[in-house]
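Thanks for coming. I will talk through one model today, beginning with a helix and working outward from there.

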Amino acid sequence: MDFTYTEEQEMVRELAATFAKNYVAPLSEQMDIDNTMPHHIAEKMAELGFMGINVPEEYGGAGMDEVSKALVIMEIAKVDASVAELLAVHTLTNDIFLKRGTEEQKKKYLALGASGKVGAFALTEPGAGSDASAAKTKAISDGDDYIINGTKCFISNMGPEEGDYVVLIALTDPSAGTKGMSAIVVDRNTPGFSVGKLENKMGLRGANVSELIFQDCRVPKSNLLGKEGEGFKIAMAALDGGRIGMAAQAVGVAECALDAAVDYSTQRIQFGKPINANQGIQWYLADMATQTEAAKALTLNAAALRQAGKSVNKEAAMAKYFASENAVKVAYQSLQIHGGYGYMKDYAIERMYRDARIIPLYEGTSEIQKVVISRAVITGK
């Protein structure tokens with residue numbers, strides 16, 4: 001696989017790096033303290049074309065490819081994983097509308113998303129994490145509408161003020177299990193829909209993650225994405241793209257942690273020399289660099305295959321599994337190199353370490369990724 005970037009890909013990568021350094025970096029510490037993200041960040045990303053990076057120009061987007069999207073997420077994650085999280089989840093919802101939306105839905109929600117409105121995706125429930133089939137939220141038919149009742153939890157891109165619409169996975173036929181699940185878009189201002197508890201997280205504190213509550217929430221059937229009963233299939237297909245996004249986020253975090261380790265180990269003098277003059281530190285850095293490069297290759301490979309229209313169930317799972325575990329390992333090793341200083345909030349590695357830890361958990365745990373990978377290896381599919 002040739003990972004030489006096109007001129008357009010390199011241009012958007014550099015644009016994302018500049019945005020992250022000049023616009024996001026000065027806000028990162030305060031977002032971590034405040035446990036929220038100011039909306040003007042999404043608006044600025046929309047101005048730069050990032051919120052609609054995977055949206056065709058006819059709907060107001062930038063019309064760029066999957067590799068470009070991954071590169072943008074990587075560069076932003078190198079500065080702030082929370083902002084990268086917002087973009088990764090938002091572009092996942094763009095992808096659902098592109099693949100399963102009606103023309104009317106595309107014209108509305110893709111244009112909204114590209115303009116800076118923020119989309120969310122709601123699958124997880126208190127009793128349905130890795131086992132998505134245990135979901136209980138119902139969307140019962142009532143004439144031309146659905147009446148939705150239930151609760152979703154740990155939903156990214158939804159906060160006290162953040163989040164404008166959500167792609168909801170709910171049971172339109174509760175007797176049919178996963179075959180009775182459907183995908184329905186719900187606007188934030190819909191009566192009966194409310195954002196509940198904003199989660200107080202260990203890391204990714206700038207990214208809003210909340211509980212969603214539906215109480216006799218009435219939405220028109222024209223908000224159905226695809227057909228009734230296709231919700232689980234839509235969700236699983238969306239997660240392929242989502243996992244590439246999370247892998248890209250993990251690569252960015254690992255690259256940032258590696259850079260921090262190199263800088264600190266060059267500046268830190270002990271026993272009369274920089275600590276990276278010691279073979280033990282050099283071997284740490286060699287492992288960190290090699291494994292991060294491998295994670296990046298897996299991620300870009302999955303993105304390129306997806307752009308080519310190939311099935312990437314296995315490749316996306318591999319990228320997400322390896323890159324997320326590597327991000328945790330590299331952040332740990334970087335903090336170890338920093339010694340006691342790395343444990344202090346004066347150094348960015350403290351936040352990176354906390355941010356990295358969630359990546360092997362969401363969009364499917366590492367254990368679930370291994371189930372997906374092994375199934376593909378065994379069946380050849």
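**Helix 1 and what it packs against**

This is a predicted model. In helix 1, the buried residues are Gln 9, Val 12, Ala 16, Phe 19, Ala 20, Val 24, Ser 28, Met 31 and Asp 32. As background, an α-helix has 3.6 residues a turn, so residues three or four places apart point the same way. What do the buried residues of helix 1 pack against? Their partners are helix 2 (40-47), helix 3 (66-77), helix 4 (81-100) and helix 9 (349-356).

Now the geometry of helix 1. It covers residues 7-34, which is 28 residues, and at 1.5 Å a residue it should span 40 Å. The C-alpha atoms at its ends are 38 Å apart, and that agrees with the expected span. The helix does have a kink, of about 55 degrees, at Val 24. The proline Pro 26 comes shortly after that point. Val 24 is also on the list of buried residues I gave a moment ago. After helix 1 comes Asn 35, with a positive phi near 60 degrees.

Let me take one residue from this helix. Val 12 is in helix 1 and counts as buried because its relative accessibility is 6%, where the cut-off is under 20%. Which residues does Val 12 contact, leaving aside its neighbours within four places in sequence? They are Phe 50, Ile 53, Met 64, Ser 68 and Val 72. For a distance along this side, take Val 12 and Leu 71: they are 59 residues apart along the chain, and their C-alpha atoms are separated by 8.0 Å.

**Two arginines**

The first arginine is Arg 351, in helix 9. Is Arg 351 buried or exposed? It counts as buried, at 15% relative accessibility. Not counting residues up to four places away in sequence, Arg 351 touches Ser 28, Asp 32, Val 79 and Asp 80. Ser 28 and Asp 32 are among the buried residues of helix 1, and helix 9 is one of the helices those residues pack against.

The second is Arg 100, in helix 4. Arg 100 counts as partly exposed, with 27% relative accessibility. Its contacts, again without neighbours within four places in sequence, are Gln 105, Leu 225, Gly 226, Glu 230, Lys 233 and Ile 234. Arg 100 and Val 330 are 230 residues apart in sequence, and from C-alpha to C-alpha they are 38 Å apart in space.

**Backbone points to check**

Most residues other than glycine have a negative phi. Two residues here deserve a look on that account. Leu 204 is not a glycine, yet its phi is positive, about 45 degrees. Where is Leu 204? It sits in the loop between strand 6 (193-198) and strand 7 (209-220). Its relative accessible area is 4%, so Leu 204 is buried.

Asp 216 is the other one. It is not a glycine either, and its phi is positive at about 50 degrees. Asp 216 is placed in strand 7. With a relative accessible area of 54%, Asp 216 is exposed.

**Cysteines**

How many disulfides are there? The count comes to zero. Take Cys 153: the closest cysteine sulfur is in Cys 217, 18 Å away, which is too far for a bond. The cut-off for a disulfide is 2.5 Å between the sulfur atoms. From the side of Cys 217, the closest cysteine sulfur is that of Cys 153, at 18 Å, so again too far. Cys 153 counts as buried at 9% relative accessibility, and Cys 217 counts as buried at 0%.

**The whole chain**

Last, the overall numbers. The secondary structure comes to 10 helices and 10 strands. For 381 residues, a compact globule would have a radius of gyration near 21 Å, and the protein has 21 Å, which agrees. Along the principal axes, the C-alpha trace spans about 80 × 45 × 40 Å. Of the 381 residues, 52% are buried. Among contacts between residues at least 6 apart in sequence, 74% join residues at least 24 apart. The exposed area is about 16,500 Å², and carbon and sulfur atoms supply 53% of it.

That is what I had to show.

Terms used
Residues numbered from 1 in each chain as written. Predicted model: local features only at pLDDT ≥ 70, side-chain atom pairs only at ≥ 80, totals over all residues. Heavy atoms only, no water. Buried < 20%, exposed > 50% of the residue type's maximum accessible area, 1.4 Å probe, protein only. Helix = DSSP H or I, 4+ residues; strand = E, 2+ residues; numbered from the N terminus. Expected span 1.5 Å × (residues − 1). Bend = angle between axes of the 7 residues up to and from the residue. Contact = heavy atoms within 4.5 Å. Rg over C-alpha atoms; globule rule 2.2 N^0.38 Å. Areas by Shrake-Rupley, 256 points an atom, 1.4 Å probe, with all protein chains shown as cover.
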